[in-house]
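This report describes the fold of a single protein model. It takes selected residues, helix packing and global measures in turn.

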Amino acid sequence: MDFTLTALNVIIMLAYAVPGFIFVKTKLIDQSHIASFSKVLLYVCQPCLSMYSFNQVDCTPGLLKNMALFFVLAFVLESVALTLLWLVFRRRYSNPIYRVCTVAGVLGNVGFFGVPLLEALLPEHPESIAYSAVFIVAMNIISWTVGSLILTGDRKYLSIRKLFLNPPTIALCISLPLFILGIKFPDIIDTGVTLLGRMSTPLCMLILGMRLATVRINDLLKDKGAYMASAVKLIVFPLVAYASVYFLPLDYGFKATMFILASCPTASVVLNLSELYGRGQKTAADTVLICTMLCAVTIPLLLLVL
């Protein structure tokens with residue numbers, strides 16, 4: 001896969017963070033309002049991104065079978081990776097940094113960052129966008145259950161309610177039946193859903209820039225926990241993901257999509273959950289920031305494997 005094309009697309013996405021950084025630094029936006037932008041991203045743009053992803057291809061029995069397989073592989077891969085990191089760090093869980101590192105080393109920004117990357121790098125494989133939609137669901141099921149358990153140590157988060165009552169899963173319950181039945185939105189609705197879905201990446205990066213403006217750079221660069229989690233997420237996890245599908249009798253688009261999505265930086269949901277539960281917020285914020293900046297180097301280098 002072309003190094004320059006990959007690097008350029010990653011850098012362009014990161015550039016969206018610059019206005020957010022400037023707005024907060026110049027006081028045009030108060031840092032207390034960042035949470036409001038995050039709610040728009042989580043409750044409006046993310047569900048629209050899911051519906052947009054399903055709308056990019058027509059449903060066929062073969063594609064539906066591959067999507068089910070992709071979901072299972074993504075779910076198993078992330079579950080096994082979380083379990084292994086839990087075994088490594090569990091004796092240190094009295095320190096919330098290691099709880100954050102466990103979750104941040106696995107959960108990636110496969111929607112806001114992954115979808116535009118797939119559109120740019122795999123234009124000849126539109127089914128990759130549909131694969132990303134089920135990867136998002138697998139990740140969010142884990143985020144709101146096992147991820148929440150690891151961050152808090154509270155078993156109450158392992159519940160059926162948490163499996164279904166979250167924005168991505170609700171969006172899936174709407175999108176998937178329409179996708180299977182071949183029902184398309186009317187043009188006027190489809191345009192709105194597409195615009196809001198494609199707005200996810202710029203808005204996510206704007207929020208990232210806003211958060212970067214609220215931290216001291218020296219403290220950010222000294223956070224060893226953030227570097228540890230970033231190394232796992234940006235190097236170890238994608239290589240393990242690629243190895244898990246490399247020998248399977250699957251087409252290039254399937255394998256490349258899995259590798260690209262696994263290469264994405266730590267998801268902002270890790271920070272959102274840390275803030276929600278009051279566990280390791282600083283390390284979570286530092287990891288999301290550092291991991292996203294470092295991916296400008298790691299993603300182009302890793303994708304040379306393809």
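## Selected residues

N272 is located in helix 15, which spans residues 268-277; helices are DSSP runs of H or I with at least four residues, strands are runs of E with at least two, and both are numbered from the N terminus. N272 counts as partly exposed because its relative accessibility is 25%. Here buried means under 20% relative accessible area, exposed means over 50%, and partly exposed lies in between, with a 1.4 Å probe and protein chains only. Between N272 and K39 the sequence separation is 233 residues, while the C-alpha to C-alpha distance is 10.0 Å. The model is predicted: local features need pLDDT of at least 70, side-chain atom pairs count only at pLDDT 80 or more, and totals for chains, interfaces and linings use all residues. Residues are numbered from 1 along each chain as its sequence is written, and side-chain values use heavy atoms, with hydrogens and water left out.

E78 belongs to helix 4, residues 61-89, and is buried, with a relative accessible area of 0%. Contact, defined as heavy atoms within 4.5 Å, links E78 to V106, L107, F135, A138, M139, I142 and F237, when residues up to four places away in sequence are not counted. One of these partners, A138, is 60 residues from E78 in sequence and 8.5 Å from E78 in space, C-alpha to C-alpha.

## A second buried site and an exposed loop

S175 sits in helix 9, residues 167-181. S175 is also buried, at 5% relative accessible area. With residues up to four places away in sequence left out, S175 touches S50, M51 and F54.

K27 lies in the loop that joins helix 2 (17-25) and helix 3 (34-54). Its relative accessibility of 70% means that K27 counts as exposed. The phi angle of K27 is near 70°, a positive value in a residue other than glycine.

## Packing around helix 6

Helix 6 (residues 114-121) packs against helix 14 (residues 252-262) at an angle of about 140°, and their axes are 10 Å apart. Axes are lines fitted to C-alpha atoms, for helices over the stretch in contact, and angles run from 0 to 180 degrees between N-to-C directions. Helix 6 is therefore oblique to helix 14. Angles under 35 degrees count as roughly parallel, over 145 as roughly antiparallel, 65 to 115 as roughly perpendicular, and the rest as oblique. The crossing of these helices, 6 and 14, is right-handed; a crossing has this hand if the near helix is turned clockwise from the far one by less than a right angle, and is left-handed if anticlockwise. Helix 6 contributes G114, L117, L118 and L121 to the contact, and helix 14 contributes T257, I260 and L261. By class, the contact of helix 6 with helix 14 holds five nonpolar, two polar and no charged residues. Ala, Val, Leu, Ile, Met, Phe, Trp, Tyr, Cys and Pro count as nonpolar, Asp, Glu, Lys and Arg as charged, and the others, Gly among them, as polar.

Helix 6 also packs with helix 7 (residues 127-152), at about 165° and with axes 9 Å apart. Helix 6 and helix 7 are therefore roughly antiparallel to each other, and their crossing is right-handed. V115, L118 and E119 of helix 6 meet S128, I129 and S132 of helix 7. The contact of helix 6 with helix 7 comprises three nonpolar, two polar and one charged residues.

## Helix 13 against helix 14

Helix 13 (residues 224-246) packs with helix 14 at an angle of about 165°, with axes 8 Å apart. That angle makes helix 13 roughly antiparallel to helix 14. The crossing of helix 13 and helix 14 is right-handed. From helix 13, the contact is made by K233, F237, P238, L239, A241, Y242, V245 and Y246, and from helix 14 by K255, M258, F259 and A262. The residues of this contact between helix 13 and helix 14 divide into ten nonpolar, no polar and two charged.

## Global measures

The protein has 16 helices and zero strands. Its C-alpha trace spans about 50 × 45 × 45 Å along the principal axes. The radius of gyration is 18 Å, which agrees with the value near 19 Å for a compact globule of 306 residues. This radius is taken over C-alpha atoms, and the globule rule is 2.2 Å times the number of residues to the power 0.38.

Buried residues make up 54% of the 306 residues. Of the contacts between residues at least 6 apart in sequence, 84% join residues at least 24 apart.
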